[in-house]
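Reader: Please walk me through this model, with the cut-offs behind each term.

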Amino acid sequence: MFQLVKLWLFSGIYSIFGLAPGHSDIETLRSYLAQGNAAAISNLMHSSVQLSTPHGEGFYSKGQATMILDKFFRSHPPRQCLIVNQGSSENGAHYSIMRLETGNGNYRVSVFLKKGNTGLLIQEMKIVAQP
């Protein structure tokens, strides 16, 4: 009985704090960022994505964006990635702001996602150096 009460309370907290369907997609992305896994991140990308890194920005195909992320991770090996904030809008767009700690500094990662056929897909990702 106690387990059922805990489950009921947790489900209420889950909906109060807006941990809606996009939460697991964002947690998956956080995990891939922490691993520096550009190939896995590409599986969460739209066919074209706006990408900004300390080395430049632009609209890229999924393949180009993957190569740019891979280059970034090779020169900035991740140590950990933490979700700072996340949310969604009424039109189905989701966002997440994360802190990526690397061997060569800390970065703020802002990601904007929209629902696709297979779940949330990355439309835009910005990686900005933090002081």
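Author: The protein has 4 helices and 6 strands, where helices (H or I, at least four residues) and strands (E, at least two) are DSSP runs numbered from the N terminus. This is a predicted model, in which local features need pLDDT of at least 70 and side-chain atom pairs count only at pLDDT 80 or more, while totals for chains, interfaces and linings use all residues. Residues are numbered from 1 along each chain as its sequence is written, and side-chain values use heavy atoms, with hydrogens and water left out.

Reader: In what order do the elements run from the N terminus on?

Author: Three helices come before any strand, and another helix follows the second strand. Written out, the order is α-α-α-β-β-α-β-β-β-β.

Reader: Which strands stand at the edges of the sheet?

Author: The 6 strands form an open sheet with mixed pairing, in the order β2-β1-β6-β5-β4-β3; two strands count as paired if DSSP finds at least two bridges between them. Each edge strand has a single partner, so one of its sides is left without a neighbour in the sheet. The edge strands are β2 (56–61) and β3 (78–88).

Reader: Which residue of β2 is the bridge partner of Gln50?

Author: Strand β1 (residues 45–53) and β2 run antiparallel, joined by 6 bridges. In β2, the partner of Gln50 is Phe59.

Reader: What angle does helix α4 make with β1?

Author: Helix α4 (residues 62–75) packs on the sheet and touches β1, β2, β3, β4 (94–102), β5 (105–116) and β6 (119–129). Contact means heavy atoms within 4.5 Å. Axes are lines fitted to C-alpha atoms, for helices over the stretch in contact, and angles run from 0 to 180 degrees between N-to-C directions. The direction of α4 makes an angle with that of β1 of about 40°.

Reader: What is the phi of Gly92 in the turn between β3 and β4?

Author: β3 and β4 pair in the antiparallel sense over 9 bridges, and Asn85 has Ile97 as its bridge partner in β4. The two strands form a hairpin with 5 residues between them. In that turn, Gly92 has a positive phi of about 95°.

Reader: Is Arg108 buried, partly exposed or exposed?

Author: Arg108 lies in strand β5 and touches, among others, Ile97, Met98 and Lys126, leaving aside residues up to four places away in sequence. Buried means under 20% relative accessible area, exposed over 50%, and partly exposed in between (1.4 Å probe, protein chains only). At 37% relative accessibility, Arg108 is therefore partly exposed.
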